[in-house]
Amino acid sequence: GTTERPRLSVFRSNLHIYAQVIDDTKNSTIVSCSTLDKELINQIENGKTCKASELVGLLIGKRLLEKIFKKLLKKIKT
């Protein structure tokens, strides 16, 4: 993944789903989430269901958009 087009990595264990968006040019994780996050743990009974994967996908998308939005606002202010 690059800064303009980061890579999405998803891992599913027997119990949980993990996702992260990675910028390989900077060797850093931009955002990450899993079924163990505080925002999701109360909404999910079982961390390996389709509903759990949907919630993880929505949360990582939300976090990525927030991060991009904050970065754009910072550029506008300077």
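Here are some friendly notes on this structure, which is a predicted model.

1. Let me start with the salt bridges. Searching the whole structure turns up three salt bridges. One of them pairs D24 with R7, with the closest N and O atoms 2.9 Å apart. D24 sits in the loop between β2 and β3 while R7 belongs to strand β1 (residues 7-12), so this contact ties together parts that are 17 residues apart in sequence. As for solvent, D24 is partly exposed at a relative accessible area of 32%, and R7 also counts as partly exposed, at 36%.

2. R63 deserves a look of its own. D37 forms a salt bridge with R63, and here the closest N and O atoms are 2.9 Å apart. This pair links distant parts of the chain, since D37 is in the loop between β3 and α1 (38-41) and R63 is in helix α2, 26 residues apart. D37 is buried, its relative accessible area being 17%.

3. The side chain of E39 also meets that of R63 in a salt bridge, at 3.2 Å from N to O. E39 lies in helix α1 and R63 in helix α2, so the contact ties together parts that are 24 residues apart in sequence. E39 is partly exposed, with 40% relative accessible area. Put together, D37, E39 and R63 are linked in a network of salt bridges. If you plan to inspect side chains by eye, you may like to view these three residues together.

4. Next, the β2-β3 hairpin. The strands β2 (17-23) and β3 (28-34) run antiparallel and are joined by six bridges. D23 stands opposite S28 in β3, and the hairpin has four residues between its strands.

5. Which residue of this hairpin takes a positive phi near 55 degrees? It is N27, which is not a glycine and is placed in the loop between β2 and β3. For context, most residues other than glycine have a negative phi. N27 counts as exposed, at 72% relative accessibility. D24, the partner of R7 in a salt bridge, lies in that loop between β2 and β3 too.

6. On to the cysteines. How many disulfides does the count give? The count comes to zero. C33 is in no disulfide, and the nearest cysteine sulfur, that of C50, is 16 Å away. Such a separation is too far for a bond, because a disulfide needs the two sulfur atoms within 2.5 Å. Are these cysteines buried or exposed? C33 is buried, with a relative accessible area of 4%, whereas C50 is exposed, at 68%.

7. Finally, the largest pocket, which holds about 400 Å³ of space. Its lining is made of 14 residues, and those closest to the centre are T3, I30, K67, I68 and K71. β3 and α2 (50-77) each supply at least two residues of this lining, with α2 giving the most, namely six residues. By character, the lining divides into five nonpolar, three polar and six charged residues.

8. A short recap may help when you open the model. Helix α2 gives the most to the lining of the largest pocket, and R63 of helix α2 is linked with D37 and E39 in a network of salt bridges. Strand β3 supplies at least two residues of the pocket lining and is joined to β2 by six bridges.

Terms used
Residues are numbered from 1 along each chain as its sequence is written. This is a predicted model: local features need pLDDT of at least 70, side-chain atom pairs count only at pLDDT 80 or more; totals for chains, interfaces and linings use all residues. Side-chain values use heavy atoms; hydrogens and water are left out. On a 1 Å grid over the protein atoms alone, a cavity is a set of points where a 1.4 Å probe fits but cannot get out, and a pocket is an open set with protein on both sides within 12 Å along at least five of seven lines; lining residues have an atom within 4 Å of a point. Grid points are joined across faces, edges and corners, and a volume is the space filled by probe spheres set on the points. Ala, Val, Leu, Ile, Met, Phe, Trp, Tyr, Cys and Pro count as nonpolar, Asp, Glu, Lys and Arg as charged, and the others, Gly among them, as polar. Buried means under 20% relative accessible area, exposed over 50%, partly exposed in between (1.4 Å probe, protein chains only). Two strands pair if DSSP finds at least two bridges between them. A salt bridge is a side-chain nitrogen of Lys or Arg within 4 Å of a carboxyl oxygen of Asp or Glu.
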